[in-house]
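Please look through the sequence and the three-dimensional structure shown here before reading on. The paragraphs below then go through the parts one after another.

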Amino acid sequence: MIIGGGPGGYEAALVAAQLGAQVTVVEREGPGGACVLTDCVPSKTLIATSVRKQALLDAATLGLHYSGGPDGDAGTPVADLPLVNRRVKELAQAQSADIAARLAAEGVEVVRAPGRLVDPQVVRAGDRTIRADVVIVATGATPRILPAAEPDGERILTWRQMYDLEELPEHLIVVGSGVTGAEFAGAYRSLGSEVTLVSSRDRMMPNEDADAAEVLEEVYRRRGMNVMGRSRAESVKRTPHGVVVTLEDGRTAEGSHCLMTVGMVPNTAGIGLEEAGVTLDRGGFVQVDKVSRTSAPGVYAAGDCTGVLMLASVAAMQGRIAVWHALGEAVQPLRLATVASNIFTDPEIAAVGIAQKAIESGEIDANVVKLPLATNARAKMQGFHDGFVKLFCRPHTGIILGGVVVAPRASELILAVSVAVQQRLTVDQLAHTFAVYPSLSGSITEAARRLMQPMTPTGI
């Protein structure tokens with residue numbers, strides 16, 4: 001039994017079915033869960049549209065311009081928000097349908113109902129009570145709501161409500177400058193909204209690579225975004241024509257709409273977990289070990305409800321690991337040091353392995369090289385100026401410990417570094433790997449060459 005049909009749930013279901021288990025997934029929203037229907041897939045679809053529009057706006061730098069506009073006007077690309085949002089929703093539903101078809105092909109039963117744990121081997125799914133040998137909890141998480149800024153679905157919104165807007169916000173105030181806030185702020189600025197980003201810290205994305213955050217903030221300011229650092233929001237209120245955000249220091253910011261991106265809370269309350277012996281932490285997240293076991297025998301957990309790393313890829317791996325362990329297959333514990341992540345801003349920010357702050361604090365000894373994207377031939381051809389490739393390696397062995405890529409499609413470029421980290425490759429091995437010329441990936445092999453240690457002569 002799997003409670004939750006997001007990546008942690010449906011990936012676990014597919015593995016279990018392939019290993020011969022009888023599998024039932026309980027999911028009230030539909031296959032794919034919130035990740036596919038309201039969160040990851042819709043937001044990245046919206047961002048893909050905004051990136052395409054930004055490319056049109058930047059086309060003049062490549063020698064292109066519009067012609068044939070009305071009255072001789074060159075014309076300006078305009079976002080048709082109802083059409084954009086319709087595509088977002090249709091794509092999400094199509095992805096959910098694809099997942100449903102795959103589950104059905106593998107013989108997985110999907111029950112469209114809320115799920116509740118009655119005891120460690122019994123799940124209540126709607127009006128059905130189902131006994132199972134193994135239960136996996138993959139219930140996900142929900143946008144955090146602040147009492148002084150409760151969303152109304154019209155002017156004060158969570159990201160799940162943004163796709164119901166019928167007009168592009170004239171002035172969108174984004175409260176929260178973490179990954180989600182940075183992604184939506186950049187997307188709506190490129191789509192044409194005036195955007196104010198309210199950050200409680202001294203910079204955007206304080207938990208990410210500082211060099212990467214600095215590049216992105218510079219890009220955002222250049223595109224006309226108002227980034228308010230060290231500005232913690234105290235409340236958000238409706239006005240006759242929009243919203244007003246009051247900061248703790250008494251300042252205010254006024255706009256037409258406000259998007260709240262202040263974290264997530266796990267969907268673990270009221271579903272019988274603690275009564276069944278599953279331990280939750282103070283934040284309500286399910287406590288799991290590195291093979292996804294909870295404190296209750298036979299009960300595993302995966303995904304955002306565990307708070308381990310709120311990434312779809314991590315949720316999926318947690319779900320697979322849970323099944324492999326439960327069914328007696330060979331399994332490697334989850335290694336967070338090998339997890340690749342990506343922030344879908346423009347440019348994107350991808351990272352894997354150790355962080356530079358661990359090097360600067362003295363926690364890890366490593367050599368570092370950072371190559372600006374502006375020196376890459378392909379980047380010059382495509383008009384990309386902002387970004388870099390950064391690699392970390394051990395000083396003596398040259399084993400690659402991690403890296404950061406800030407570039408268009410960094411989510412694709414990071415794979416080479418991720419493979420190197422996972423397989424413990426050295427900078428010499430990566431440097432001797434062919435990269436296409438010209439290509440953005442060439443900067444990765446060039447960074448590796450910069451980190452190669454000169455051979456010490458041993459004599460003649």
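What follows is a walk through two sheets, a set of annotated positions, and the spaces inside the protein.

This is a predicted model, in which local features need pLDDT of at least 70 and side-chain atom pairs count only at pLDDT 80 or more, while totals for chains, interfaces and linings use all residues. Residues are numbered from 1 along each chain as its sequence is written, and side-chain values use heavy atoms, with hydrogens and water left out.

A good place to start is a sheet. Strands of a sheet pair through backbone hydrogen bonds, either parallel or antiparallel. Helices (DSSP runs of H or I with at least four residues) and strands (DSSP runs of E with at least two) are numbered here from the N terminus, and two strands are said to pair if DSSP finds at least two bridges between them. In one open sheet, five strands follow the order β9-β16-β10-β11-β12, and their pairing is parallel. The edges are taken by β9 (156-157) and β12, each of which has a single partner strand, so one side of each is left without a neighbour in the sheet.

Within this sheet, strand β11 covers residues 194-198, and four of its five residues are buried, where buried means under 20% relative accessible area, exposed means over 50%, and partly exposed lies in between (1.4 Å probe, protein chains only). Towards one neighbour, five bridges join β11 to the parallel strand β10 (residues 171-175), and in this pairing Ile 173 stands opposite Thr 196. Towards the other neighbour, three bridges join β11 to the parallel strand β12 (residues 226-228); here Leu 197 has Val 227 as its bridge partner, and Val 198 has Met 228.

How does the chain get from one of these strands to the next? From β11 the chain crosses through helix α6 (residues 210-222) to β12, in a β-α-β crossover that is right-handed. A right-handed β-α-β unit is also made by β10, helix α5 (residues 179-191) and β11. The term right-handed means that, with the strands pointing away from the viewer, the path from the first strand over the helix to the second runs clockwise.

The region around the start of α5 also carries an annotation. In an unreviewed entry, UniProt places the feature "binding site" at Gly 176, Ser 177, Gly 178, Val 179, Thr 180, Gly 181, Ala 182, Glu 183 and Gly 263. These positions span 88 residues in sequence, yet no two of their C-alpha atoms are more than 13.7 Å apart, so they gather at one spot. From this set, Glu 183 belongs to the lining of the largest cavity. UniProt positions are given in the numbering used here, feature names are shortened, and annotations may be inferred rather than shown by experiment.

Two of the annotated residues can be followed more closely. Gly 178 is found in the loop between β10 and α5, and because its relative accessibility is 31%, Gly 178 counts as partly exposed. Thr 180 has its place in helix α5 and, at 28% relative accessibility, counts as partly exposed. Leaving aside neighbours within four places in sequence, Thr 180 is in contact (heavy atoms within 4.5 Å) with Trp 159 and Thr 261.

A second open sheet has five strands in the order β3-β2-β1-β7-β18, with parallel pairing. Its edge strands are β3 (109-111) and β18 (299-301), each of which pairs on one side only. Three bridges join strand β7 (residues 135-137) to β18, and Val 137 has Ala 301 as its bridge partner there.

Finally, consider the spaces in the protein. On a 1 Å grid over the protein atoms alone, a cavity is a set of points where a 1.4 Å probe fits but cannot get out, and a pocket is an open set with protein on both sides within 12 Å along at least five of seven lines; lining residues have an atom within 4 Å of a point. Grid points are joined across faces, edges and corners, and a volume is the space filled by probe spheres set on the points. The whole structure holds two cavities of 30 Å³ or more, and the largest cavity has about 50 Å³ of space. Helix α5 gives the most to its lining, with four residues. The second largest pocket has about 980 Å³ of space, and α3 supplies the largest share of its lining, seven residues.
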